[in-house]
Amino acid sequence: MLDQFRMHATSPMAVFGTLAMPCVFAFVIHSNRAHGTGAAGTTSDMAVGSAGIGVLDSAIVLVVLSLLGEKQWKTLYAALGSPGGMVPLVLGRLSGIAVQTLIAVPGTFAVLALLWGVDDSFAWSRWLVGGVLLTLATMSVVGLLAAAVLRFPYSSGMVNGLTGLVMALSALVVPQSALPGPVRALAQLMPQAHVMAWVRGGSAGSLALALALTAGYAVLVVLLIRRVEYSARRDAVPMEM
């Protein structure tokens, strides 16, 4: 895990995806606020939401690359034959990626604070707790992608548009109340949206719902991986490249 974190933190492309893209979105948000009546400094919801974009983008890329690596290294059949099956391997990968993507939380904040300073009303506890919980929530949702990568042959373009879709449903850039009706309804199913609602001043109920949904998605990931194992044994689904 430490090796993976070091590679992620020192890779120019990884750092670009984790910090540059969310900071571009933050610039757009900040520009709109500065021309309106909002605060000119970095707010806690801007810092968490911007970091969430970097977490999401990096997580999708890393989940695909790490599991494709397992296929190429021909380790999946060995894991399939072990007592725990592939679940420990996949959960270990997802946990390592979660640690790697956490760099977006302090990294994005440092850049935004350097550019615009910190707003006087900045909620430090909501930034810290919200950033960590948003990372866990994102990994629980992106973990569903792991089952798809394992079950189906990967082709370029398989995840095109996925970042934008999940980002919109997660209410990272704008509050849920600003989303169109159908999108707002779907956002209720996303733990990230409830984390962001809490960061933006919501009650503890939003936080509890976010934790419950995160746990639910994690259980669903395990069930889907077990389903992949069942298909591999019953239907001889190829697990390697």
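Leaving aside its neighbours within four places in sequence, which residues is Thr-214 in contact with? In this predicted model, Thr-214 is in contact with Leu-136, Ala-137, Ser-140 and Pro-191, once neighbours within four places in sequence are set aside, where contact means heavy atoms within 4.5 Å. Thr-214 is found in helix 11, and Thr-214 is buried, with a relative accessible area of 16%; buried here means under 20% relative accessible area, exposed means over 50%, and partly exposed lies in between, for a 1.4 Å probe and protein chains only.

## Basis and confidence

Because the model is predicted, local features need a pLDDT of at least 70 and side-chain atom pairs count only at pLDDT 80 or more, whereas totals for chains, interfaces and linings use all residues. Residues are numbered from 1 along each chain as its sequence is written, and side-chain values use heavy atoms, with hydrogens and water left out. The mean pLDDT of the protein chain is 85, and 84% of its residues reach 70 or more, pLDDT being the predictor's confidence in each residue on a scale from 0 to 100. Confidence is lowest in helix 1 (residues 2–10), with a mean of 54, and highest in helix 10, with 97.

## Overall architecture

The protein chain contains 11 helices and zero strands; helices (H or I, at least four residues) and strands (E, at least two) are DSSP runs numbered from the N terminus. Of the 241 residues of the chain, 47% count as buried. Among contacts between residues at least 6 apart in sequence, 76% join residues at least 24 apart. Two pairs illustrate such separation along the chain: Thr-108 and Leu-19 are 89 residues apart in sequence but 5.7 Å apart in space, C-alpha to C-alpha, and the C-alpha atoms of Glu-70 and Glu-240, 170 residues apart along the chain, are separated by 7.9 Å. Thr-108 lies in helix 6 and counts as buried, at 0% relative accessibility.

## The nonpolar core

In soluble globular proteins, nonpolar side chains tend to be buried together. The largest nonpolar core of this model has 59 residues, and those with the most contacts inside it are Val-63, Met-86, Leu-145, Leu-150 and Ile-225; such a core is a set of buried Ala, Val, Leu, Ile, Met, Phe, Trp, Tyr and Cys residues joined through side-chain atoms within 4.5 Å. Several helices each supply at least two residues of this core, including helix 3 (44–73), helix 7 (124–151) and helix 11 (204–235), and the largest share, 13 residues, comes from helix 3. Ile-225 touches Met-86, Val-87, Val-90, Ala-146, Ala-147 and Leu-150, not counting residues up to four places away in sequence.

## Helix 3 and the loop after it

Helix 3 has 30 residues and reaches 42 Å from its first C-alpha to its last, close to the 44 Å expected at 1.5 Å a residue, the expected span being 1.5 Å times one less than the number of residues. Of these 30 residues, 26 are buried, so helix 3 is largely enclosed by the rest of the structure. Glu-70 lies in helix 3 and is buried, with a relative accessible area of 6%; Glu-70 touches Thr-75, Leu-76, Leu-89 and Arg-93, not counting residues up to four places away in sequence.

Most residues other than glycine have a negative phi, and most peptide bonds are trans. Two residues that are not glycines have a positive phi here, as listed below.

| Residue | Phi | Location | Relative accessible area |
|---|---|---|---|
| Lys-74 | about 60° | loop between helix 3 and helix 4 | 47%, partly exposed |
| Ala-171 | about 55° | loop between helix 8 and helix 9 (181–187) | 1%, buried |

## Packing of helix 6 and helix 7

Two packed helices are described by the angle between their axes and the distance between the axes. Helix 6 and helix 7 pack at an angle of about 135°, with their axes 10 Å apart; axes are lines fitted to C-alpha atoms, for helices over the stretch in contact, and angles run from 0 to 180 degrees between N-to-C directions. That angle makes helix 6 oblique to helix 7, since angles under 35 degrees count as roughly parallel, over 145 as roughly antiparallel, 65 to 115 as roughly perpendicular and the rest as oblique. At this pairing, Val-105, Pro-106 and Phe-109 in helix 6 meet Trp-124, Trp-127, Gly-131 and Thr-135 in helix 7.
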